[in-house]
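Thanks for sending this one over. Here are my notes on how the chains meet, set out as numbered points to read beside the model.

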Protein chains: 4
Amino acid sequence: MNAFGKLFRVQLFGESHGPSIGVVIDGVPAGLPLTPEEFREDLLRRSGGKKGGTPRVEEDSLIFLSGVVQGITTGSPLAVIVNNKNTISSDYESFKNTPRPGHADFVSRQKFGGFSDARGGGHHSGRVTLALVIAGVIAKKLLAPAQITTKILEIGGENPWDQKLETAILEGDSLGGVIECRVSGIKAGLGEPFFDSLESVLSHIIFAIPGIRGIEFGDGFSAAKMWGSEHNDPIVSLDGTTSKNGSGGVNGGISNGNEIVLRVAVKPTSSISRAQRSINLSSGEAEEFKVTGRHDACFALRVPVVLEAAVSIALADLLYQTSAPHIWGHGIVVK
Amino acid sequence: MNAFGKLFRVQLFGESHGPSIGVVIDGVPAGLPLTPEEFREDLLRRSGGKKGGTPRVEEDSLIFLSGVVQGITTGSPLAVIVNNKNTISSDYESFKNTPRPGHADFVSRQKFGGFSDARGGGHHSGRVTLALVIAGVIAKKLLAPAQITTKILEIGGENPWDQKLETAILEGDSLGGVIECRVSGIKAGLGEPFFDSLESVLSHIIFAIPGIRGIEFGDGFSAAKMWGSEHNDPIVSLDGTTSKNGSGGVNGGISNGNEIVLRVAVKPTSSISRAQRSINLSSGEAEEFKVTGRHDACFALRVPVVLEAAVSIALADLLYQTSAPHIWGHGIVVK
Amino acid sequence: MNAFGKLFRVQLFGESHGPSIGVVIDGVPAGLPLTPEEFREDLLRRSGGKKGGTPRVEEDSLIFLSGVVQGITTGSPLAVIVNNKNTISSDYESFKNTPRPGHADFVSRQKFGGFSDARGGGHHSGRVTLALVIAGVIAKKLLAPAQITTKILEIGGENPWDQKLETAILEGDSLGGVIECRVSGIKAGLGEPFFDSLESVLSHIIFAIPGIRGIEFGDGFSAAKMWGSEHNDPIVSLDGTTSKNGSGGVNGGISNGNEIVLRVAVKPTSSISRAQRSINLSSGEAEEFKVTGRHDACFALRVPVVLEAAVSIALADLLYQTSAPHIWGHGIVVK
Amino acid sequence: MNAFGKLFRVQLFGESHGPSIGVVIDGVPAGLPLTPEEFREDLLRRSGGKKGGTPRVEEDSLIFLSGVVQGITTGSPLAVIVNNKNTISSDYESFKNTPRPGHADFVSRQKFGGFSDARGGGHHSGRVTLALVIAGVIAKKLLAPAQITTKILEIGGENPWDQKLETAILEGDSLGGVIECRVSGIKAGLGEPFFDSLESVLSHIIFAIPGIRGIEFGDGFSAAKMWGSEHNDPIVSLDGTTSKNGSGGVNGGISNGNEIVLRVAVKPTSSISRAQRSINLSSGEAEEFKVTGRHDACFALRVPVVLEAAVSIALADLLYQTSAPHIWGHGIVVK
């Protein structure tokens with residue numbers, strides 16, 4: 001299913017080469033000022049056209065279908081679409097029969113019986129993250145003054161701006177990377193002890209981003225190598241600030257008021273123009289082939305703004321839920 | 001909230017030193033044979049009493065409250081409890097005021113206004129995973145003949161059975177570890193393209209296990225260091241088998257028929273008997289103290305069976321959902 | 001929130017005088033043939049222009065934004081919109097201050113702080129049922145060969161086609177009515193013993209239709225006047241057929257294989273052109289006023305197709321859930 | 001499924017003749033004082049032993065398994081059970097083969113393959129409403145000072161306390177009735193415009209009560225016979241008070257601040273000791289038989305407190321959701 005959230009609810013739709021990509025957001029409060037300009041920066045960050053990004057550049061003009069009148073939200077579902085242009089669908093015809101390594105071609109055929117839209121990856125396309133970014137812009141407004149920032153820690157295992165990316169582009173190969181996200185200004189109390197732990201909810205939405213292979217919070221996998229006396233992190237002030245924030249802002253599934261810190265591993269772009277092998281599902285024969293068309297050498301470069309969006313959406317929904325009364329006497333108001 | 005699943009639904013309850021730990025499972029099919037003996041092995045694996053485990057050993061006798069008659073499930077909600085015994089509550093009185101580093105003491109106080117049960121960590125206790133293991137035993141039966149196995153890859157960053165654990169026990173310190181889980185026999189098609197990707201759903205439930213700091217699938221964080229030509233994984237037979245399974249059995253959020261492979265990082269036990277610092281929330285003064293009582297030097301040793309349970313529950317729920325008709329003509333049956 | 005369903009999931013959006021009314025349907029199986037022509041009849045039945053219906057007639061041209069390629073569904077979310085035309089918004093400006101009796105003007109102002117779209121009732125408009133009808137057409141296809149039919153039992157308490165409606169139109173007054181819905185061909189086993197009883201799920205979605213004041217199943221309110229020996233309904237054949245079907249096809253919350261029979265009470269249209277009283281929320285003064293503009297004298301005449309849609313959507317979702325294994329050995333399939 | 005609610009979440013379990021009936025409530029705020037005494041009155045109202053009620057009288061002693069320490073809730077899931085006693089199971093053996101008219105015997109056999117617990121109706125038993133009443137007591141506390149009251153309007157179509165009930169008891173027959181529920185003190189703004197309309201949510205949970213055949217709000221089915229000028233209900237004061245409250249406290253799916261008024265039709269008890277006909281599912285032969293054992297001549301007499309519980313649970317959950325920010329600037333709070 002393609003919906004996320006309990007009270008701030010995001011429903012995605014769209015295929016890469018279909019008419020439109022879109023999102024319906026249920027639970028946007030009424031009275032929120034919202035202008036197309038506020039989306040521009042994040043949409044630009046997500047779009048291609050930079051070094052290591054796909055040459056497919058689109059003017060992603062937002063069309064608001066409902067939920068906003070004269071730049072103010074109405075409280076009813078907010079629907080926004082972006083129409084697709086600049087698509088070259090002939091590139092994709094053969095993948096149904098010869099599934100590309102690392103792509104969803106095979107599983108999509110298995111799950112949807114060959115009816116899924118193969119063009120541009122269809123609904124599996126990274127282009128659908130456009131809808132996530134749109135919802136993310138609204139979620140960020142709801143979270144303000146909390147601040148969400150991301151940083152590319154490494155590309156291909158090295159400093160992000162070194163020579164390796166040039167090599168990948170020249171050789172028709174690709175790279176992945178590690179992105180860090182930090183959120184400051186979130187109060188203690190978000191998340192639940194068990195199934196809706198803060199890490200559970202964040203990782204749920206983050207693994208919706210295509211190509212994520214791992215996630216860690218705070219000290220993450222390094223924590224597994226530490227002594228307890230080394231990883232334990234004493235509280236040093238009454239607001240809950242700890243000395244090292246090795247738990248990444250979460251204890252027992254609940255935000256502790258420190259900065260939320262998480263890192264994700266992004267795999268290398270699956271589409272490469274170097275020769276690869278696959279199997280022809282009709283003939284059963286192995287085949288060598290090259291993926292042509294326009295592709296990111298490193299789509300991890302475009303992930304930061306999508307990651308921010310995912311994190312913001314999850315936190316906004318948790319904040320809504322936290323306004324329900326966790327403590328008797330707080331929150332329930334009758335006439 | 002403490003419920004997980006859409007059609008195979010697990011609701012947990014209980015505090016470490018309260019009367020009982022329990023679970024209600026909604027969606028267990030009718031007619032499933034179920035005997036207390038089938039739970040014994042997994043409960044034993046979860047319980048303490050081994051090297052590196054807490055000396056608190058309990059006979060975890062299951063009491064079935066509903067949903068099973070003469071060893072056969074009825075199709076109505078299955079409720080199972082285990083009564084708590086062998087608790088020493090006086091150990092925990094002071095933690096409300098002086099929160100233990102790494103524990104949920106502080107966040108619980110913030111979220112629940114000081115009313116949460118501090119004894120033994122209350123509902124945050126690892127003891128609540130007992131309920132998860134109970135549900136896991138049933139989920140495993142539903143998944144058979146699929147096989148779920150786990151392996152401790154490292155403790156404290158090293159080979160699991162080396163000297164380091166002895167040192168931790170002797171010095172009153174603690175260690176974490178890395179656990180791998182593999183599931184074979186899951187057909188292609190589980191999981192959804194976006195928000196309910198297989199990784200999303202699995203990580204959601206896995207991060208409910210206390211003390212998990214990170215998760216990765218297949219090549220995981222290593223994938224972020226590879227070239228695309230290196231990480232890409234050609235399909236080599238018509239059933240979808242790939243040459244390296246670097247994606248850990250998942251493409252585009254959907255199982256691809258290969259073994260599902262994931263690894264989690266478990267932090268070192270927070271409770272250590274070495275001196276630590278914290279803050280007294282009443283006086284605002286820093287305090288040095290030691291956690292007394294019985295604790296695991298390395299609770300990661302007990303995580304494998306809990307991880308298996310979490311994975312099984314999530315997969316069972318996804319299997320149920322996958323029996324809904326993804327392809328027209330399959331699944332919808334009217335009279 | 002504006003979403004319904006667990007596995008066949010319908011998300012509505014749109015305001016009466018906004019750019020578009022639309023629906024996103026998640027869970028449509030792949031491979032379902034779907035042409036605009038199949039929607040025509042139900043859309044025509046819902047639209048105005050007949051005696052007792054509003055003169056606002058729209059060509060409701062469907063625009064498919066996603067989920068269908070060359071007339072075949074892809075399995076990804078199906079998004080459909082209808083653009084609004086033929087709106088006269090000036091009619092509605094004053095209602096924010098002087099809420100119309102029977103309308104949502106007052107509650108909308110209270111809930112959304114005066115920011116909701118007042119034009120044409122905004123998101124509260126009966127026009128949003130257009131989206132429900134679109135989803136209903138698809139749901140009906142999934143339910144085939146089950147048959148859903150509706151019948152207007154009475155208008156204004158009398159035979160539907162008598163003189164009373166003429167009077168209402170002439171005098172600028174309005175009428176309500178009673179509609180019956182019958183579904184044949186649904187197998188026994190849909191619905192759950194408690195909270196998701198068949199009646200629960202059906203009434204949940206049916207009360208989403210604006211203007212419904214009551215619902216009853218089978219003998220309904222008459223059952224409360226009967227002796228048990230009179231209401232009890234013996235099974236007369238092995239397929240569960242009962243002699244009178246007084247329970248309307250449901251026992252214990254679960255379909256029993258007989259025809260599902262329910263009736264709804266539809267209130268008279270709130271907008272009438274006769275003089276009415278209300279209160280001016282700014283001045284606190286009582287005010288007399290007339291609702292001008294175009295309105296149905298009896299919108300109950302347009303409810304049947306909306307009711308069919310609501311019932312079909314709920315049944316389709318329950319059928320999906322019923323394909324999960326209620327009996328051990330049925331439904332769970334692994335490799 | 002047997003769970004209800006989004007933020008105040010109730011999970012039921014138990015069979016009539018199994019070990020226990022119970023409920024897990026997730027989302028109870030921490031710090032709520034809760035003593036067994038507070039449950040006594042409502043449990044007594046639900047239990048049998050009065051004229052027209054079953055002679056099976058049980059001491060329904062509550063056992064709190066989790067979520068409360070020294071009479072104060074902890075904020076973690078509250079689990080409560082009542083152990084079953086005083087059961088005579090031999091009464092029920094034959095019903096699997098010869099399903100009783102009006103009972104769930106047949107559908108349960110169809111849905112659960114003959115594995116459901118037939119004794120006392122198993123999970124379909126009215127006894128499971130005990131769990132609903134327990135949850136209702138807590139919900140009422142959360143709603144205070146709002147007041148929920150119920151009234152039996154008619155039994156067998158007549159004044160509740162007339163001769164007809166005596167006749168039913170004497171002749172081994174049964175009766176149904178009509179119950180009204182009123183809630184005062186609920187502010188305007190509960191419920192959502194479409195699928196989660198106040199009527200939708202209330203009817204969803206109310207139809208979970210066994211034996212409900214219909215529900216209506218305000219003027220209900222009578223509204224369908226009125227002129228619009230007659231049913232329309234002008235607001236007469238600034239707080240939204242209307243002159244007649246014919247809409248039963250709801251407009252457009254949202255509470256309007258007036259008293260919420262609804263009525264339900266309860267069918268006659270299915271179990272009667274007069275001779276009835278059914279079919280033997282093994283032989284295919286018609287059979288005449290009498291239901292022996294202890295039964296209510298009119299279980300509608302016990303419905304009021306169950307109805308109050310259902311209404312309270314739904315309203316408490318909606319109140320929680322309404323504490324989420326419907327208007328920008330209200331509700332979202334970050335550090």
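1. A definition first, since the strand points below lean on it: two strands count as paired if DSSP finds at least two bridges between them. Please also keep in mind that this is a predicted model.

2. With that in hand, look at chains C and D. Here β10(C) and strand β10 (residues 212-217) of chain D run antiparallel and are joined by three bridges. To find your way in, start from Gly214(C), whose bridge partner in β10(D) is Glu216(D).

3. How many residues of chain C are in contact with chain D? There are 90 residues on the chain C side, and they touch 90 residues of chain D. Elements of chain C that each give two or more residues to this side are the strands β1 (3-4), β9 (177-184), β10 (212-217), β13 (260-266) and β14 (276-279), together with the helices α2 (105-112), α5 (198-206) and α6 (228-231). Of the side of chain C that touches chain D, α2(C) provides the largest share, six residues. By residue class, this side holds 40 nonpolar, 37 polar and 13 charged residues.

4. The relation between these two copies is nice to check on screen. A turn of 180° with a shift of 0.0 Å along the axis lays chain C on chain D, with an RMSD of 0.0 Å. The copies meet through the same surface, because 100% of the interface residues of chain C are also interface residues in chain D.

5. Now to chains A and B. The contact draws 90 residues from chain A and 90 residues from chain B. On the chain B side, at least two residues each come from β1 (3-4), α2 (105-112), β9 (177-184), α5 (198-206), β10 (212-217), α6 (228-231), β13 (260-266) and β14 (276-279). Helix α2(B) supplies six residues, the largest share of the side of chain B that touches chain A. That side consists of 40 nonpolar, 37 polar and 13 charged residues.

6. Which strand of chain A pairs with β10(B)? The partner is strand β10 (residues 212-217) of chain A, in the antiparallel sense and over three bridges. Within β10(B), Gly214(B) is the bridge partner of Glu216(A).

7. Finally, the symmetry of this pair. Chain B superposes on chain A by a rotation of 180° with 0.0 Å of shift along its axis, at an RMSD of 0.0 Å. The two copies are therefore related as by a two-fold rotation axis. The same surface serves both, as 100% of the contact residues of chain B recur in chain A.

Methods:
Residues are numbered from 1 along each chain as its sequence is written. Chains are lettered from A and ligands numbered from 1 in the order in which they are written. This is a predicted model: local features need pLDDT of at least 70, side-chain atom pairs count only at pLDDT 80 or more; totals for chains, interfaces and linings use all residues. Two residues are in contact if their C-beta atoms, placed from the backbone, lie within 7 Å. Helices (H or I, at least four residues) and strands (E, at least two) are DSSP runs, numbered from the N terminus. Ala, Val, Leu, Ile, Met, Phe, Trp, Tyr, Cys and Pro count as nonpolar, Asp, Glu, Lys and Arg as charged, and the others, Gly among them, as polar. Copies are superposed by least squares on the C-alpha atoms of residues with pLDDT of at least 70 in both.
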